[in-house]
Amino acid sequence: MLGVHLQKGYVEPVLHPAFAGDMSGKSLLLKVILLGDGGVGKSSLMNRYVTDRFDSQSFHTIGVEFLNRDLEVDGRLVTLQIWDTAGQERFKSLRTPFYRGADCCLLTFAVDDLQSFQNLGCWKKEFMYYSDVRDPERFPFVVLGNKVDKEEREVGEDEARAWCEENGCCPYFETSAKDDTNVSAAFEAAVREVLASEEQIDHALLSSTIDLHGNRKAPRSSCC
Ligand SMILES: Nc1nc2c(ncn2[C@@H]2O[C@H](COP(=O)(O)OP(=O)(O)OP(=O)(O)O)[C@@H](O)[C@H]2O)c(=O)[nH]1
Ligand SMILES: [Mg+2]
(Lines give C-alpha, C1' and ligand atoms only; values in the text may rest on other atoms or scores of the structure.)
(Ligands and ions follow the chains in the order given, each with its own letter.)
Protein backbone atom coordinates (compact mmCIF):
# COMPACT_ATOMS: atom_id res chain seq x y z
CA MET A 1 0.00 0.00 0.00
CA LEU A 2 1.28 3.46 -0.88
CA GLY A 3 -0.96 5.48 1.36
CA VAL A 4 -4.56 5.75 2.35
CA HIS A 5 -6.70 8.37 0.74
CA LEU A 6 -9.89 8.34 2.76
CA GLN A 7 -13.04 9.68 1.24
CA LYS A 8 -16.49 8.88 2.49
CA GLY A 9 -19.67 9.90 0.86
CA TYR A 10 -23.35 9.50 0.27
CA VAL A 11 -23.66 10.05 -3.42
CA GLU A 12 -25.99 10.47 -6.34
CA PRO A 13 -26.06 7.66 -8.91
CA VAL A 14 -23.62 8.46 -11.70
CA LEU A 15 -22.24 6.63 -14.70
CA HIS A 16 -18.72 5.66 -13.81
CA PRO A 17 -16.08 5.13 -16.50
CA ALA A 18 -14.48 1.71 -16.09
CA PHE A 19 -11.01 3.17 -16.19
CA ALA A 20 -10.54 6.81 -15.24
CA GLY A 21 -6.90 7.64 -14.64
CA ASP A 22 -5.84 10.52 -12.42
CA MET A 23 -4.47 13.77 -13.83
CA SER A 24 -1.02 12.23 -14.30
CA GLY A 25 -2.59 9.28 -16.06
CA LYS A 26 -0.80 6.87 -13.74
CA SER A 27 -3.53 5.71 -11.38
CA LEU A 28 -6.56 3.65 -12.30
CA LEU A 29 -9.84 4.37 -10.56
CA LEU A 30 -11.68 1.11 -10.02
CA LYS A 31 -15.17 0.80 -8.60
CA VAL A 32 -15.86 -2.38 -6.67
CA ILE A 33 -19.18 -3.09 -5.06
CA LEU A 34 -19.95 -5.20 -2.00
CA LEU A 35 -23.22 -7.13 -2.16
CA GLY A 36 -24.75 -9.70 0.17
CA ASP A 37 -27.38 -10.21 2.84
CA GLY A 38 -27.81 -7.74 5.69
CA GLY A 39 -25.44 -8.50 8.55
CA VAL A 40 -22.85 -10.61 6.70
CA GLY A 41 -20.17 -7.98 7.35
CA LYS A 42 -19.87 -5.88 4.17
CA SER A 43 -19.41 -2.58 6.01
CA SER A 44 -17.05 -4.22 8.46
CA LEU A 45 -14.89 -5.54 5.62
CA MET A 46 -14.75 -2.13 3.95
CA ASN A 47 -13.94 -0.38 7.22
CA ARG A 48 -11.30 -2.94 8.14
CA TYR A 49 -9.62 -2.54 4.76
CA VAL A 50 -9.69 1.25 4.59
CA THR A 51 -9.45 2.38 8.21
CA ASP A 52 -8.14 -0.81 9.88
CA ARG A 53 -10.92 -0.69 12.46
CA PHE A 54 -13.61 -3.12 13.51
CA ASP A 55 -16.84 -2.25 15.31
CA SER A 56 -18.68 -5.12 16.98
CA GLN A 57 -21.81 -2.95 17.31
CA SER A 58 -22.13 -1.64 13.74
CA PHE A 59 -25.46 -0.39 12.39
CA HIS A 60 -27.20 -1.65 9.26
CA THR A 61 -26.31 0.40 6.19
CA ILE A 62 -29.07 2.44 4.56
CA GLY A 63 -28.59 2.90 0.81
CA VAL A 64 -24.89 3.02 -0.09
CA GLU A 65 -21.65 4.49 1.20
CA PHE A 66 -18.21 4.48 -0.33
CA LEU A 67 -14.59 4.76 0.75
CA ASN A 68 -11.45 5.08 -1.36
CA ARG A 69 -8.08 3.47 -0.82
CA ASP A 70 -4.95 3.79 -2.94
CA LEU A 71 -2.90 0.67 -3.45
CA GLU A 72 -0.36 -0.90 -5.74
CA VAL A 73 -1.04 -4.28 -7.31
CA ASP A 74 1.56 -5.95 -9.52
CA GLY A 75 3.21 -2.59 -10.16
CA ARG A 76 -0.05 -0.81 -11.09
CA LEU A 77 -1.23 2.18 -9.05
CA VAL A 78 -4.91 1.88 -8.32
CA THR A 79 -7.47 3.94 -6.47
CA LEU A 80 -9.99 1.45 -5.24
CA GLN A 81 -13.40 2.95 -4.74
CA ILE A 82 -15.30 0.54 -2.52
CA TRP A 83 -19.07 0.85 -2.57
CA ASP A 84 -20.81 -0.67 0.41
CA THR A 85 -24.50 -1.41 -0.07
CA ALA A 86 -27.41 -2.10 2.24
CA GLY A 87 -28.18 -5.82 2.23
CA GLN A 88 -31.64 -5.61 3.74
CA GLU A 89 -34.44 -6.21 1.22
CA ARG A 90 -36.30 -3.03 2.21
CA PHE A 91 -33.38 -0.94 0.87
CA LYS A 92 -33.29 -2.58 -2.56
CA SER A 93 -34.46 0.51 -4.44
CA LEU A 94 -31.81 2.62 -2.70
CA ARG A 95 -28.88 0.38 -3.64
CA THR A 96 -29.59 -0.86 -7.18
CA PRO A 97 -29.04 2.51 -8.97
CA PHE A 98 -25.40 2.33 -7.87
CA TYR A 99 -24.54 -0.94 -9.62
CA ARG A 100 -23.85 0.70 -12.97
CA GLY A 101 -20.22 1.40 -13.67
CA ALA A 102 -18.88 -1.22 -11.28
CA ASP A 103 -15.65 -2.90 -12.38
CA CYS A 104 -15.94 -5.85 -9.99
CA CYS A 105 -18.58 -7.24 -7.66
CA LEU A 106 -17.71 -8.80 -4.30
CA LEU A 107 -20.45 -11.30 -3.42
CA THR A 108 -20.39 -11.70 0.35
CA PHE A 109 -21.93 -14.20 2.76
CA ALA A 110 -21.21 -15.17 6.36
CA VAL A 111 -19.93 -18.71 6.96
CA ASP A 112 -22.16 -19.02 10.04
CA ASP A 113 -25.29 -18.13 8.05
CA LEU A 114 -26.43 -20.73 5.49
CA GLN A 115 -29.22 -18.53 4.16
CA SER A 116 -26.74 -15.79 3.23
CA PHE A 117 -24.78 -18.39 1.22
CA GLN A 118 -27.94 -19.70 -0.47
CA ASN A 119 -28.77 -16.14 -1.49
CA LEU A 120 -25.52 -15.58 -3.40
CA GLY A 121 -27.19 -16.53 -6.68
CA CYS A 122 -29.93 -13.94 -6.12
CA TRP A 123 -27.31 -11.27 -5.46
CA LYS A 124 -25.47 -12.16 -8.64
CA LYS A 125 -28.71 -12.00 -10.62
CA GLU A 126 -29.70 -8.68 -9.07
CA PHE A 127 -26.30 -7.24 -9.91
CA MET A 128 -26.41 -8.45 -13.53
CA TYR A 129 -29.93 -7.08 -13.97
CA TYR A 130 -29.25 -3.55 -12.70
CA SER A 131 -25.58 -3.06 -13.61
CA ASP A 132 -26.04 -3.40 -17.36
CA VAL A 133 -22.43 -4.55 -17.80
CA ARG A 134 -20.86 -4.51 -21.24
CA ASP A 135 -19.69 -8.11 -21.27
CA PRO A 136 -21.70 -10.28 -18.84
CA GLU A 137 -19.69 -13.45 -19.64
CA ARG A 138 -16.40 -11.86 -18.62
CA PHE A 139 -17.53 -9.66 -15.75
CA PRO A 140 -15.30 -10.26 -12.69
CA PHE A 141 -16.80 -11.46 -9.41
CA VAL A 142 -15.02 -12.39 -6.18
CA VAL A 143 -16.80 -14.37 -3.44
CA LEU A 144 -16.12 -13.70 0.24
CA GLY A 145 -17.08 -16.08 3.04
CA ASN A 146 -16.84 -13.75 6.03
CA LYS A 147 -16.77 -14.32 9.82
CA VAL A 148 -14.37 -17.28 9.68
CA ASP A 149 -13.29 -16.38 13.21
CA LYS A 150 -16.60 -17.86 14.44
CA GLU A 151 -16.47 -21.43 15.68
CA GLU A 152 -19.93 -22.50 14.54
CA ARG A 153 -20.05 -22.72 10.75
CA GLU A 154 -23.02 -23.48 8.56
CA VAL A 155 -21.11 -23.35 5.26
CA GLY A 156 -17.95 -25.34 4.56
CA GLU A 157 -15.06 -24.06 2.50
CA ASP A 158 -15.45 -26.88 -0.06
CA GLU A 159 -19.13 -26.09 -0.51
CA ALA A 160 -18.32 -22.44 -1.13
CA ARG A 161 -15.56 -23.25 -3.61
CA ALA A 162 -17.92 -25.64 -5.43
CA TRP A 163 -20.48 -22.83 -5.77
CA CYS A 164 -17.81 -20.57 -7.26
CA GLU A 165 -16.84 -23.17 -9.84
CA GLU A 166 -20.44 -23.84 -10.81
CA ASN A 167 -21.09 -20.12 -11.15
CA GLY A 168 -18.22 -18.94 -13.27
CA CYS A 169 -15.11 -19.86 -11.29
CA CYS A 170 -14.79 -16.66 -9.24
CA PRO A 171 -11.92 -16.54 -6.75
CA TYR A 172 -13.03 -17.38 -3.20
CA PHE A 173 -11.68 -15.91 0.04
CA GLU A 174 -12.46 -16.88 3.62
CA THR A 175 -12.30 -13.61 5.52
CA SER A 176 -12.73 -12.15 8.94
CA ALA A 177 -13.23 -8.43 9.27
CA LYS A 178 -12.90 -8.94 13.01
CA ASP A 179 -9.50 -10.66 12.93
CA ASP A 180 -8.33 -9.03 9.70
CA THR A 181 -8.01 -12.38 7.94
CA ASN A 182 -7.61 -12.25 4.14
CA VAL A 183 -9.26 -8.83 3.88
CA SER A 184 -6.46 -7.16 1.90
CA ALA A 185 -5.97 -10.32 -0.15
CA ALA A 186 -9.64 -10.27 -1.18
CA PHE A 187 -9.65 -6.63 -2.30
CA GLU A 188 -6.34 -7.08 -4.12
CA ALA A 189 -7.78 -10.13 -5.88
CA ALA A 190 -10.66 -7.96 -7.04
CA VAL A 191 -8.16 -5.55 -8.61
CA ARG A 192 -6.31 -8.44 -10.28
CA GLU A 193 -9.59 -9.79 -11.66
CA VAL A 194 -10.40 -6.41 -13.21
CA LEU A 195 -6.94 -6.00 -14.70
CA ALA A 196 -7.08 -9.53 -16.11
CA SER A 197 -10.52 -9.01 -17.64
CA GLU A 198 -9.43 -5.73 -19.23
CA GLU A 199 -6.39 -7.50 -20.68
CA GLN A 200 -8.70 -10.12 -22.18
CA ILE A 201 -10.78 -7.40 -23.80
CA ASP A 202 -7.64 -5.67 -25.12
CA HIS A 203 -6.47 -8.99 -26.50
CA ALA A 204 -9.83 -9.62 -28.17
CA LEU A 205 -9.78 -6.15 -29.71
CA LEU A 206 -6.23 -6.67 -30.96
CA SER A 207 -7.19 -10.03 -32.46
CA SER A 208 -10.15 -8.54 -34.29
CA THR A 209 -7.90 -5.76 -35.63
CA ILE A 210 -5.52 -8.38 -36.96
CA ASP A 211 -8.48 -10.27 -38.46
CA LEU A 212 -9.67 -7.11 -40.17
CA HIS A 213 -6.26 -6.65 -41.77
CA GLY A 214 -6.27 -10.31 -42.72
CA ASN A 215 -9.69 -9.94 -44.33
CA ARG A 216 -8.52 -6.99 -46.34
CA LYS A 217 -5.47 -8.82 -47.58
CA ALA A 218 -7.26 -12.03 -48.57
CA PRO A 219 -9.29 -10.65 -51.51
CA ARG A 220 -6.24 -8.81 -52.84
CA SER A 221 -4.16 -11.96 -52.98
CA SER A 222 -7.00 -13.87 -54.62
CA CYS A 223 -7.37 -11.07 -57.17
CA CYS A 224 -3.73 -11.43 -58.12
N1 LIG B 1 -17.36 -12.33 14.50
C2 LIG B 1 -17.41 -11.52 13.45
N3 LIG B 1 -18.37 -10.58 13.39
C4 LIG B 1 -18.40 -9.77 12.31
C5 LIG B 1 -17.47 -9.87 11.26
N6 LIG B 1 -17.79 -8.94 10.32
C7 LIG B 1 -18.84 -8.28 10.80
N8 LIG B 1 -19.22 -8.76 11.98
C9 LIG B 1 -20.35 -8.31 12.81
O10 LIG B 1 -21.54 -8.62 12.12
C11 LIG B 1 -22.50 -7.58 12.30
C12 LIG B 1 -22.95 -7.03 10.97
O13 LIG B 1 -21.83 -6.45 10.31
P14 LIG B 1 -22.00 -5.32 9.19
O15 LIG B 1 -20.64 -5.03 8.66
O16 LIG B 1 -22.77 -4.17 9.71
O17 LIG B 1 -22.90 -6.11 8.13
P18 LIG B 1 -23.41 -5.58 6.71
O19 LIG B 1 -23.23 -6.69 5.74
O20 LIG B 1 -22.78 -4.30 6.36
O21 LIG B 1 -24.97 -5.39 6.97
P22 LIG B 1 -26.00 -4.38 6.19
O23 LIG B 1 -25.42 -3.02 6.24
O24 LIG B 1 -27.29 -4.49 6.90
O25 LIG B 1 -26.12 -4.89 4.79
C26 LIG B 1 -21.84 -6.51 13.20
O27 LIG B 1 -22.20 -6.76 14.52
C28 LIG B 1 -20.35 -6.79 13.01
O29 LIG B 1 -19.59 -6.42 14.12
C30 LIG B 1 -16.46 -10.88 11.34
O31 LIG B 1 -15.60 -11.06 10.49
N32 LIG B 1 -16.49 -11.67 12.47
MG1 LIG C 1 -23.53 -2.41 6.11
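Which residue of β7 does threonine 108 stand opposite? The legends below get to that, one close-up at a time.

**View 1. The whole chain, before zooming in.**
This is a predicted model, so take the views that follow as close-ups of a prediction. The chain has 6 helices and 8 strands. Starting at the N terminus, the elements run β-β-β-α-β-β-α-β-α-α-β-α-β-α. Of its 224 residues, 44% count as buried.

**View 2. Strand β6 and the strands it pairs with.**
Strand β6 covers residues 104–110, and it pairs with β3 as well as with β7. With β3 (residues 27–36), the pairing is parallel and runs over 5 bridges; leucine 106 in β6 is the bridge partner of leucine 34. With β7 (residues 141–146), the sense is again parallel, over 6 bridges. And here's the reply to the opening question: threonine 108 stands opposite leucine 144 in β7.

**View 3. The two faces of β6.**
Stay with β6 and look at what is covered: 7 of its 7 residues are buried. One side carries Cys104, Leu106, Thr108 and Ala110. The other side carries Cys105, Leu107 and Phe109. Both faces are covered, so neither side of this strand counts as open, given that buried means under 20% relative accessible area.

**View 4. Helix α1.**
Now move to α1, which spans residues 42–51. The helix is mostly covered, with 8 of its 10 residues buried. Lys42, Ser43, Ser44 and Leu45 are among them, and Met46, Arg48, Tyr49 and Val50 are buried too. Just after the helix comes aspartate 52, with a positive phi of about 55°.

**View 5. The magnesium ion, ligand 2.**
What does the protein offer to the magnesium ion? Its donors are Ser43, through OG, and Thr61, through OG1, at 2.0 to 2.1 Å from the ion. The pair brings together distant parts of the chain: serine 43 sits in α1, while threonine 61 belongs to the loop between α1 and β4 (64–73), 18 residues apart. Serine 43 and threonine 61 are both buried.

**View 6. Ligand 1 and the residues around it.**
There are 25 residues around ligand 1, and Lys42, Ser44, His60, Thr61 and Asp149 come nearest. The shell divides into 5 nonpolar, 13 polar and 7 charged residues. Helix α1 gives the most to this shell, with 3 residues.

**View 7. Polar contacts of ligand 1.**
Zoom in on the oxygen atoms of the ligand. Serine 44 places a polar side-chain atom 2.6 Å from an oxygen atom of ligand 1, and serine 58 has a polar side-chain atom 2.7 Å from an oxygen atom of ligand 1. For lysine 178, the contact involves a polar backbone atom, 3.3 Å from an oxygen atom of ligand 1. On its own, ligand 1 has 650 Å² of accessible area, and the protein covers 90% of that.

**View 8. Positive phi in two loops.**
Most residues other than glycine have a negative phi. Aspartate 74 is not a glycine, yet its phi is positive, at about 50°. Its place is the loop between β4 and β5 (76–85). Is aspartate 74 buried or exposed? Its relative accessibility is 57%, so aspartate 74 counts as exposed. Lysine 147 has a positive phi too, near 70°, and lies in the loop between β7 and α5 (157–166). With a relative accessible area of 22%, lysine 147 is partly exposed.

Definitions and conventions:
Residues are numbered from 1 along each chain as its sequence is written. Chains are lettered from A and ligands numbered from 1 in the order in which they are written. This is a predicted model: local features need pLDDT of at least 70, side-chain atom pairs count only at pLDDT 80 or more; totals for chains, interfaces and linings use all residues. Side-chain values use heavy atoms; hydrogens and water are left out. Donors are N, O and S atoms within 2.8 Å of the metal (3.2 Å for Na, K and Ca); water is not among the atoms, so sites may look incomplete. Helices (H or I, at least four residues) and strands (E, at least two) are DSSP runs, numbered from the N terminus. Buried means under 20% relative accessible area, exposed over 50%, partly exposed in between (1.4 Å probe, protein chains only). Two strands pair if DSSP finds at least two bridges between them. A residue is near a molecule or strand if one of its heavy atoms lies within 4 Å of it. A polar contact is a pair of N or O atoms within 3.5 Å; within protein, one must be able to donate a hydrogen and the other to accept it, and residues adjacent in sequence count only if both atoms are side-chain atoms. Accessible areas come from the Shrake-Rupley method with a 1.4 Å probe; for residues, only the protein chains shown count as cover. Ala, Val, Leu, Ile, Met, Phe, Trp, Tyr, Cys and Pro count as nonpolar, Asp, Glu, Lys and Arg as charged, and the others, Gly among them, as polar.
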